[in-house]
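Hello,

Here is the structure we talked about handing over. Please open it first, then read the notes below.

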There are 2 protein chains.
Amino acid sequence: MAQIILIEDDIEIRRLVADALAAEGHDVETAATAMSGLELGIRNTPDLVIMDLGLPDLDGNELLRMIRAISSVPVMVITARGADETVVRTLDAGADDYLIKPFSVAQLLARVRALLRRGGLAEGSDRITVGGLVIDISAREAAVDGTALDLSPKEFDLLRALAERQGEVVTKRELLAEVWREPYGGSERTVDVHLSWLRKKLGETASDPKYLKTIHGVGIKLVTPD
Amino acid sequence: MAQIILIEDDIEIRRLVADALAAEGHDVETAATAMSGLELGIRNTPDLVIMDLGLPDLDGNELLRMIRAISSVPVMVITARGADETVVRTLDAGADDYLIKPFSVAQLLARVRALLRRGGLAEGSDRITVGGLVIDISAREAAVDGTALDLSPKEFDLLRALAERQGEVVTKRELLAEVWREPYGGSERTVDVHLSWLRKKLGETASDPKYLKTIHGVGIKLVTPD
DNA sequence: ACGGGATATCAAGGTTTTCTCAAGGCCAAG
DNA sequence: CTTGGCCTTGAGAAAACCTTGATATCCCGT
């Protein structure tokens with residue numbers, strides 16, 4: 001599922017964590033020293049790094065800084081050092097989560113899921129959700145409250161263009177540029193018509209909008225309904 | 001710096017956390033119940049939500065699910081319940097971090113920083129805050145004390161022009177230039193009318209202004225109310 | 001306290017923008 | 001060649017908005 005690098009010198013904990021992660025379906029690479037872990041990271045571009053703070057060859061914060069210098073990969077720190085000051089310093093050095101040993105494996109896994117949920121989806125996400133509206137970019141299909149919408153090409157592109165900037169007001173000119181691809185001599189009223197159709201398929205009207213709000217004199221914006 | 005919503009029923013903790021966050025320069029809105037917190041969230045599109053799990057009116061996980069249904073905002077849970085099972089369930093329900101009371105404020109702040117760092121701190125949305133007045137430029141919406149304002153284009157532009165120079169006196173001529181785009185032959189009285197409407201919507205009058213103060217013979221200035 | 005100038009508010013046009021229906025054209029599939 | 005889906009354009013109606021005129025009110029210097 002995800003590629004995870006685990007840097008931990010204690011062999012027992014390493015085994016424990018690695019097995020648990022593997023059981024979740026992740027691809028785990030382990031390292032016992034900071035340097036070898038860094039090597040691994042450079043080669044594999046992982047989705048998550050889990051590291052101990054007390055490594056034999058390098059201070060944990062030093063390693064953290066090196067990782068941050070070359071990557072924005074999520075990093076979870078697991079360590080026995082529980083001093084508050086240490087936690088703060090480590091988080092501020094770029095760690096995303098901090099777990100104190102001894103920890104519950106179940107919780108570790110849950111926190112890993114939480115981190116992957118954020119980090120992983122940020123990149124290749126080709127699905128946009130706005131309230132009850134779900135837009136699958138690569139499949140080119142959309143649905144409201146579970147029921148699929150039958151959209152024409154332009155309608156879909158229009159919806160996507162708005163969804164990619166949800167909450168923001170988009171002008172018709174921008175929509176023309178985005179959806180109709182320049183140089184286009186058409187009038188902005190074409191946008192109006194498609195919008196009208198879109199609204200009808202979304203089960204709303206211009207006077208009582210749910211998703212598509214008109215900002216008079218400016219443009220349209222896609223919002224999550226109340 | 002960031003807009004944060006804090007949902008916590010214990011008044012002491014609420015105060016403690018809110019003050020600490022405010023001291024970091026964040027804009028904090030608090031709520032004592034799940035429902036009022038949800039209201040806040042819908043109005044303000046926050047950068048982070050911090051919530052207690054044991055709210056009086058709704059189960060924490062239920063609230064979390066409701067938040068997740070409409071938003072992907074980072075959520076930090078703070079609670080006294082430390083049972084492992086609870087932690088796991090909460091994280092899997094969509095929480096991004098989980099802190100057990102009693103917690104160190106310094107660590108809370110560090111974790112908040114970590115979450116905001118990842119969250120990208122409000123991507124396309126730039127806001128101006130003046131007291132209880134929040135103006136979202138890209139969404140083109142404004143709210144006072146959590147209630148959205150229904151502003152016409154000129155009214156919004158006017159408010160923004162004043163907000164961009166908050167505390168400063170702006171002449172009507174400058175407002176005409178800024179909002180009406182020259183060369184404009186209109187009279188400055190149009191500005192007066194729009195100002196009047198703006199005041200009405202802000203719930204104030206010219207004789208008892210809160211935000212919009214008239215400097216006789218000079219212009220207008222937007223101030224934070226006492 | 002008074003007068004003149006600046007500001008506030010109200011109501012009434014007048015203007016611009018948006019919405020929707022309907023008709024026509026285009027293109028690909030049958 | 002015909003059909004059907006899709007896109008574009010036109011036009012009237014509706015809605016939202018802006019401006020202006022008139023009048024009341026306020027502020028400040030005298």
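**Around the DNA**

Of the 23 residues around DNA strand D, the nearest are A:Ser152, A:Lys154, A:Gly186, B:Ser152 and B:Lys154. Two or more residues of that surface come from each of these elements: α6 (153-163) and α8 of chain A, and α6 (153-163) and α8 of chain B. By class, the surface near strand D has six nonpolar, eleven polar and six charged residues. Please bear in mind that this is a predicted model.

DNA strand C has 22 residues around it. The closest are A:Ala206, A:Thr214, B:Ser196, B:Ala206 and B:Thr214. The elements giving two or more residues here are α8 (189-202) of chain A and α8 (189-202) of chain B. The class count near strand C is six nonpolar, ten polar and six charged.

**Between the two protein chains**

Chain A puts 28 residues in contact with 25 residues of chain B. On the chain A side, α4 (84-92) and α5 (105-124) each supply at least two of the touching residues. The largest share, seven residues, comes from α5(A). By class, this side of chain A has ten nonpolar, seven polar and eleven charged residues.

**Helix α5 of chain B**

Helix α5 of chain B covers residues 105-119, 15 residues in total. From first C-alpha to last it reaches 21 Å, close to the 21 Å expected at 1.5 Å a residue. Which of its residues are buried? They are B:Leu108, B:Ala110, B:Arg111, B:Val112, B:Ala114 and B:Leu115. An α-helix has 3.6 residues a turn, so residues three or four places apart point the same way. The cover over the buried residues of α5(B) includes α4 of chain A. From chain B, it includes α1 (11-23), β3 (48-52), β4 (75-79) and β5 (97-100).

**Cores**

The largest nonpolar core has 65 residues. Those touching the most other members are A:Val49, A:Ile50, A:Val75, B:Leu48, B:Val49, B:Ile50 and B:Val75. Apart from that core lies another, of 23 residues. Its members include A:Ile135, A:Leu151, A:Val191 and A:Leu198.

Take B:Val49 in the largest core. Leaving aside neighbours within four places in sequence, B:Val49 is in contact with B:Ile5, B:Ile7, B:Gly41, B:Ile67, B:Val73 and B:Val75.

**Two hairpins in chain B**

Strands β7 (residues 133-136) and β8 (residues 141-144) of chain B pair antiparallel over four bridges. B:Ile135 has B:Ala142 in β8(B) as its bridge partner. Four residues lie between the strands of this hairpin, and B:Arg140 takes a positive phi near 60°.

β8(B) also runs antiparallel to strand β9 (residues 147-149) of chain B, joined by three bridges. Here B:Val144 has B:Thr147 in β9(B) as its bridge partner. The hairpin of β8(B) and β9(B) has two residues between the strands. In its turn, B:Asp145 has a positive phi of about 50°.

**One loop residue in chain A**

A:Ala83 sits in the loop between β4 (75-79) and α4 of chain A. Is A:Ala83 buried or exposed? A:Ala83 is exposed, because 9 other C-beta atoms lie within 10 Å and a residue counts as exposed at 12 or fewer. A:Ala83 and A:Ala114 are 31 residues apart in sequence. In space they are 24 Å apart, C-alpha to C-alpha.

Best wishes

Note on methods
Residues numbered from 1 in each chain as written. Chains lettered and ligands numbered in written order. Predicted model: local features only at pLDDT ≥ 70, side-chain atom pairs only at ≥ 80, totals over all residues. Core = buried A, V, L, I, M, F, W, Y, C linked by C-beta atoms within 7 Å. Buried ≥ 20, exposed ≤ 12 C-beta atoms within 10 Å, placed from the backbone. Contact = placed C-beta atoms within 7 Å. Nonpolar A, V, L, I, M, F, W, Y, C, P; charged D, E, K, R; others polar. Near = placed C-beta within 6 Å. Pairing = 2+ DSSP bridges. Expected span 1.5 Å × (residues − 1).
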